[in-house]
Amino acid sequence: MEEVVEGKDFSFPLEEEKVLSFWTQIDAFKTQLKRTEHLPEFIFYDGPPFATGLPHYGHILASTLKDIVTRYQSMTGHHVTRRFGWDCHGLPIETEIEKKLGITRRAQVVEMGIDNYNEECRSVVTSFVEEWEKVITRSGRWIDFKKDYKTMDLDFMESVWWVFGQLFDKNLVYKGFKVMPFSTGLKTPLSNSEAKYKCKDVSDPDAMVTFPVIGDEDNAAFVAWTTTPWTLPCNLALCVNAKFVYLKVRNKHNGRVYIVAESRLSALPAAADSYEILEKFDGASLVGKKYEPLFDYFFSDFSSVAFRVVADNYVKDDSGTGIVHLAPAFGEDDYRVCLDNNIIEKGEGLVVAVDEDGLFTERITHFFGRYVRDAEKDVIEAVKAKCRLVKTGSFTHEYPFCYRTDTPLIYRAGPAWFVRVDEQLKEQLLKNNDQTYWVPDHVKDKRFHNWLENARDWCVSRSRFWGTPLPIWISDDGEEVVVMDSVDKLEKLSGVKVFDLHRHHIDQITIPSSREPEFGVLRRVEDVFDCWFESGSMPYAYIHYPFENKELFEKNFPGDFVAEGIDQTRGWFYHLLLLSTALFGKPAFRNLICNGIVLDEDGKKMSKSEKNYPPPTEVIDEYGADAVRLYLINSPIVRAESLRFRKEGVLGVVKNVFLPWYNAYRFLVQNAKRLEIEGSGPFVPTDLATLRSSNVLDQWIHSATQSLVCFVRQEMDAYRLYTVVPYLLKFLDNLTNIYVRFNRKRLKGRTGEDDCHIALSTLYNVLLTSCKVMTPFTPFFTETLYQNLRKAREGSEESIHYCSFPEADGTRVERRIEQSVTRMMTVIDLARNIRERHKLPLKTPLMEITVVHPDAEFLDDITGKLREYVLEELNVRSLVPCNDTLKYASLKAEPDFSVLGKRLGKSMRLVAKEVKEMSQQDILRFEKAGKVTLDGHTLELTDIKIVRVFKRPDGLKDTEIDANGDGDVLVLLDLRPDDSLYESGVAREIVNRVQKLRKKSGLEPTDVVEVYIESLDKDESALQQVLSSQEQYIKDTIGSSLLPSRLMPSHAVILSDESFQNVSKLSFKISLARPALKFN
């Protein structure tokens, strides 16, 4: 192995750049794919992003999750194809072009030509592809950009056509209406998300209107409130909430009788006491009652089915009257409720009495040709003239505007193509969802399940230009419909060779009618697909199924794994499941990881315009991609919660994870090189299979490593990345702060060459195994370490990414040793805490520590195998075990109210009283049995807190003995000073100064120097006594004897020296020197 630099000189980003160059040099990703192509397939579906902007932390997070899982699967015996994909169609692309060209109206697109417009769109699709590839590759993800798929490719689009053709053949496709936000400026519908792009506070008129109940003995009228009076001429129904209470009331002043919700009586003009209550009834009893239409524009066509009361839970009582007027062509809920109640039918029969310019059509004779919002005041006047106006006014509210033309939007029904979901697929969707495995599962069981339960028919068409065209050809009379499910079918029916499926290449293609010639030709409908239809078709389209890769797909469907953000619950995840259910009756995927959203450090959405987050490339260049990866996945975001991104958090990962890990590795390399310098030859570690050691910490770290392998395999197989990372970090902490720290003497060769080789071989194998375990998570750093580690062992793989994931060796897992070491660390931490309370530094030796615990095996371990580590770490002379838990503590039982409160209810007070009255023996019996019955209730260990209160031995003060416990172990420290401990304390101080001076001088552990000491006191005897009595300790610790300064040769080269005053009442000077040759 080669020498390595100090941690402070190790640049993680620069080393990662070297690793990237190495991967390029050996073509690592392609080589790994080639080496695994004979193995079972692991099918991963990668959702396609748009390439119209640079990748942000959300993309890097999703990429990291996908990379970790696919790397792990590759290492555990699978062939994992990873191809990047691009979403190329739809709004983000069109928006870019319209900004560039200054387009504000649909007519402008037609004027410039759809061909020119679409080619402009095509030209910007890949604007940022190079930047994406650079950032994603730099983040450590292995994915194929050369064989990427694009939703605008002919093969992809043809498979999308095939998917639609299958749905059409299954009678899942129909033409109907959908109410959508509509821009009268653009003369086109917008998506719901587009409608949120621009909102303004506006003042609009509102109106409270009467609808007389037909046949009511009191001549009562329903009162409905509307904030869009222009929709009143198109009213077809009234809606109540079946669960609300409604009142029939008479105005005491004018005698008019109204029906409103009880909770909304105050909304009527005049005070509530101005009304006499005639009758009270629930909303359900109003359903079916007929009323007199406000206008007669629709009476002749709808009188038999409309102008009646229906019920739906969308009616709220926080405003209005608890009765809503329904105009199905101009409200999403209006349309749905009217459809559910058979007032209108699915299909094309809905009358939309407002044209694309927002003007009333001739059907609305009194307002024909008027812009709807301009006509509102006149509509209110017409209502007033009919004596149907209860009151009117104005209110200020937030209203959506077209983000391109700055005109107010209206909600308007338009013809569209739908996939049947509600009646046909919903039940199967719910069943298929049950067959999938989600992390975290609550997103599947709650958010996604609820979404599926309310799934509605899917509008798959969009009135746009740049997208995959709907493959529907229709005759002029609408009687003949042909759906193209392949390019071949279109070519055969039309006689035209097809090279591109975008609108400007196929809109002009017609096919002859299969009927008589006089029926003419069939023409394609103008719409294109909703982009979700394309991305939902990805599992088939990215491999051009069923035209190619038929066997590959059919053997490996459903896919094994998908991962995206929680915002895709209703997006990509839903449409994947919907299309696979419709096509094959199966889910599209087996396993799914759903991540949360990355926010800025104040909890706000990250915004490029506000510049409220550091650019990802800047953070990677400063701290390294591995640090960013670990920071992201060791956060709530992997449990579908939000993360407030803090650059300091990434720095914390470098300091707390990578530097200690690197230092453990460097310690191995330094001491392996030391053996080589001392003449043992290059270090060759003993193979793990044959490595055996009697040292307890060797046995412990081997066991801990195997436990790590078992745990990571178990959790990665369950896709629980959020449990893996904390466990990995704890393991690295144990490796650096327990194994390396407690074994420094052995690793430095102070306990003999053989023992040193065993310790170094142990550390080598543990580092190698843990690197392989960490490889999917930190691909760069593990590669860096591996490239040096592999030099010590012939026959190693060229890259760590070609290695198999470690197999767990159950024979090396020793739970007792792991538990004993964990308890030992608890003892040490508890004792350190006592020292801190009494301001006694570790350099101050103490006489005795007592460990109290009922487990005899643990006490055997702590006084046997682990004793020397406890004494040395705590600087204590002796360790006393005690298994009598009542000797130094009294026991108190406390009920856990947070656990028991809900369960016991009123019984809680009596049970709590009995718990608190438990005697010492009662508590001991309870601890042994694990349960106790009190007042008829069985309580377990998790229900009662056992508190151990320290009993100080008689005659001793709190400054002389103190204790600390964690509910399991109790530790006592004898704090009384003892002159016999003075010399060992001074020796520790001297050793500390020598080590600090070595470090200050920039010396490596392998650098051989002579250490000299000179007393600066008049009486040198005190220092000489310390050096004499502590000679062996000092020699073992600093690796050489501490020489008196008088023995320093006159020709010695002094590297560094420093004087120290009043250290434990002694003053001395330490010099570091390297002997030099002397010539006469």
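**Aromatic pairs, cysteines and charges over rings**

Phe-12 is buried, with 9% relative accessible area. This is a predicted model, and Phe-12 is a convenient place to enter it. Phe-10 is also buried, at 11% relative accessibility. Across the structure, the count of aromatic pairs is 61. One of them joins Phe-10 to Phe-12: the ring centres are 4.9 Å apart and the planes meet at 75°, an edge-to-face arrangement. The two residues belong to a cluster linked by ring pairs, which also takes in Phe-658, Trp-661, Tyr-662, Tyr-665 and Phe-781.

Other rings have a charged group over them. At Phe-182, the charged end of Arg-412 sits over the ring, 4.8 Å from the ring centre. At Phe-858, the charged end of Arg-823 takes such a position, and the distance to the ring centre is 5.3 Å.

The cysteines come next. How many disulfides does the count give? The count is zero. Cys-239 serves as an example: the closest cysteine sulfur belongs to Cys-338 and lies 8.4 Å from the sulfur of Cys-239, so the two are too far apart for a bond. A disulfide would need the sulfur atoms within 2.5 Å. Cys-710 is likewise in no disulfide, and the nearest cysteine sulfur, in Cys-771, is 19 Å away.

Are these two cysteines, Cys-239 and Cys-710, buried or exposed? Cys-239 is buried, with a relative accessible area of 0%. Cys-710 is partly exposed, because its relative accessible area is 28%, and partly exposed covers values between the 20% limit for buried and the 50% limit for exposed.

How values were computed:
Residues numbered from 1 in each chain as written. Predicted model: local features only at pLDDT ≥ 70, side-chain atom pairs only at ≥ 80, totals over all residues. Heavy atoms only, no water. Buried < 20%, exposed > 50% of the residue type's maximum accessible area, 1.4 Å probe, protein only. Phe/Tyr/Trp six-rings, centres within 6.5 Å; stacked < 30°, edge-to-face > 60°. Lys NZ or Arg CZ within 6 Å of the ring centre and 35° of its normal.
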